[in-house]
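User: Please take a close look at the C-terminal part of this chain, and set it against the rest of the molecule so that I can judge what holds there and what does not.

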Amino acid sequence: MKDVFARLASDLFSAIVFLVVYLVTDNVILATSVAIAGAFAQVVYARIKGQQLNYMTYASLGLVVVLGTVTLLTNDPRFMLAKPAIAHFAIGLIMLKRGWMLRYMPPIVVETVPEYVTAAGYAWAALMFVIGAGVIVVASTGDLKLWAFYLTVVAGGGKILAFAVQYVVLRLVVTSRRRAAARA
């Protein structure tokens, strides 16, 4: 779980840097410039440490540079605020692959209810698309406090709630099926 939060923080690093600098300085140009520099520094640091950089790392850097450049040219923070939406859409597309979630489940769940796990994978994809659309709607307002609230409380809370519901449902279904099989 710690690894998941570390990856999430890494993926959102430039957005977090942008938000913090913008809230402190109220300067779009400075916040965007620091976010772009931070994204490059993050990649350089990972390379120096010998860490394997995946497609998402480079895609994130590209998005920061492109959206940051548009933000600098227009002096409009909404482009940088929209970055998390693109990430959610990309993750949602990846989650549309049938059975993607099976590899993350314990063997007992995979053996007992693989169809439920597949359905949960599609539900996660739908959640990512809904959250991504919400990010765009909130980003279009340009309200940084609303955007920060949405990303942390609504999007983050929605994912935590979805994880909890998934855990409880899968546990109940697996237990029920195993009891029925033991009786038979």
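Analyst: **From the whole chain to the C-terminal part**

The protein exposes about 11,200 Å², and carbon and sulfur atoms supply 69% of that area. The model is a predicted one, and what follows should be read with that in mind. Its secondary structure comes to 9 helices and 0 strands, and the C-alpha atoms fill a box of roughly 70 × 40 × 25 Å along the principal axes. Of the 184 residues, 33% are buried. Among contacts with a sequence separation of 6 or more, 65% are between residues 24 or more positions apart.

The part you ask about can be entered through helix α8, residues 114-141. Its 28 residues reach 41 Å from the first C-alpha to the last, which is close to the 40 Å expected at 1.5 Å a residue. Behind α8 comes Gly142, with a positive phi near 75°, and helix α9 covers residues 144-183. The UniProt record, an unreviewed entry, lists residues 116-141 and 147-170 among its spans for "transmembrane region". Over residues 116-141 the model is 100% helix and 0% strand, with the end C-alpha atoms 38 Å apart.

Within α8, Thr118 is a useful residue to examine in detail. Thr118 counts as buried because its relative accessible area of 12% falls under the 20% cut-off. Leaving aside residues up to four places away in sequence, Thr118 touches Arg98, Gly99 and Leu102.

A charged pair also belongs to this part of the chain. The side chains of Glu115 and Arg177 form a salt bridge, with 2.7 Å from N to O. This pair links distant parts of the chain, since Glu115 sits in helix α8 and Arg177 in helix α9, 62 residues apart. Neither partner reaches the buried class: Glu115 is partly exposed at 39% relative accessibility, and Arg177 is likewise partly exposed at 35%.

The nonpolar surface deserves separate attention. Tyr116, Leu161, Val165 and Val169 form a nonpolar patch on the surface, with about 350 Å² of accessible area together. Helix α9 gives the largest share of this patch, 3 residues. One of the patch members, Leu161, lies in α9, and Leu161 counts as exposed because its relative accessible area of 56% is over the 50% limit.

Elsewhere in the chain there are points of comparison for each of these features. The search of the whole structure finds 2 salt bridges, and besides the Glu115 and Arg177 pair there is one between Arg78 and Asp76, where the closest N and O atoms are 2.6 Å apart. In that bridge Arg78 is partly exposed at 38% relative accessibility, whereas Asp76 is buried at 15%. Another charged residue, Lys83, is found in helix α6, residues 83-95. Lys83 counts as buried, with only 4% relative accessibility, because that value is under 20%. The record's list for "transmembrane region" also includes residues 79-96, a span that is 89% helix and 0% strand in the model, with end C-alpha atoms 26 Å apart.

Positive phi values also recur outside the part in question. Asn75 has a phi of about 60° although it is not a glycine; Asn75 lies in the loop between α4 and α5 and is partly exposed at 49%. Asp26 likewise takes a positive phi of about 60° without being a glycine, and the place of Asp26 is in the loop between α2 and α3, where its relative accessible area of 59% makes it exposed.

Helix α2, residues 13-25, offers a further check on helix geometry: at 1.5 Å a residue its 13 residues should span 18 Å, and the end C-alpha atoms are 18 Å apart, so expectation and model agree. The buried residues of α2 are Ser14, Ala15, Val17, Phe18, Leu19, Val21 and Tyr22.

Returning to the C-terminal part, the picture is one of helix α8 with a length close to the expected value, a salt bridge between Glu115 and Arg177, and a nonpolar surface patch in which α9 has the largest share.

Key
Residues are numbered from 1 along each chain as its sequence is written. This is a predicted model: local features need pLDDT of at least 70, side-chain atom pairs count only at pLDDT 80 or more; totals for chains, interfaces and linings use all residues. Side-chain values use heavy atoms; hydrogens and water are left out. Helices (H or I, at least four residues) and strands (E, at least two) are DSSP runs, numbered from the N terminus. The expected span of a helix is 1.5 Å times one less than its number of residues. Buried means under 20% relative accessible area, exposed over 50%, partly exposed in between (1.4 Å probe, protein chains only). Patches are made of residues with over 30% relative accessible area and no salt bridge: like charges are joined within 9 Å, nonpolar side chains (Val, Leu, Ile, Met, Phe, Trp, Tyr) within 5 Å. Accessible areas come from the Shrake-Rupley method with a 1.4 Å probe; for residues, only the protein chains shown count as cover. A salt bridge is a side-chain nitrogen of Lys or Arg within 4 Å of a carboxyl oxygen of Asp or Glu. UniProt positions are given in the numbering used here, feature names are shortened, and annotations may be inferred rather than shown by experiment. Contact means heavy atoms within 4.5 Å.
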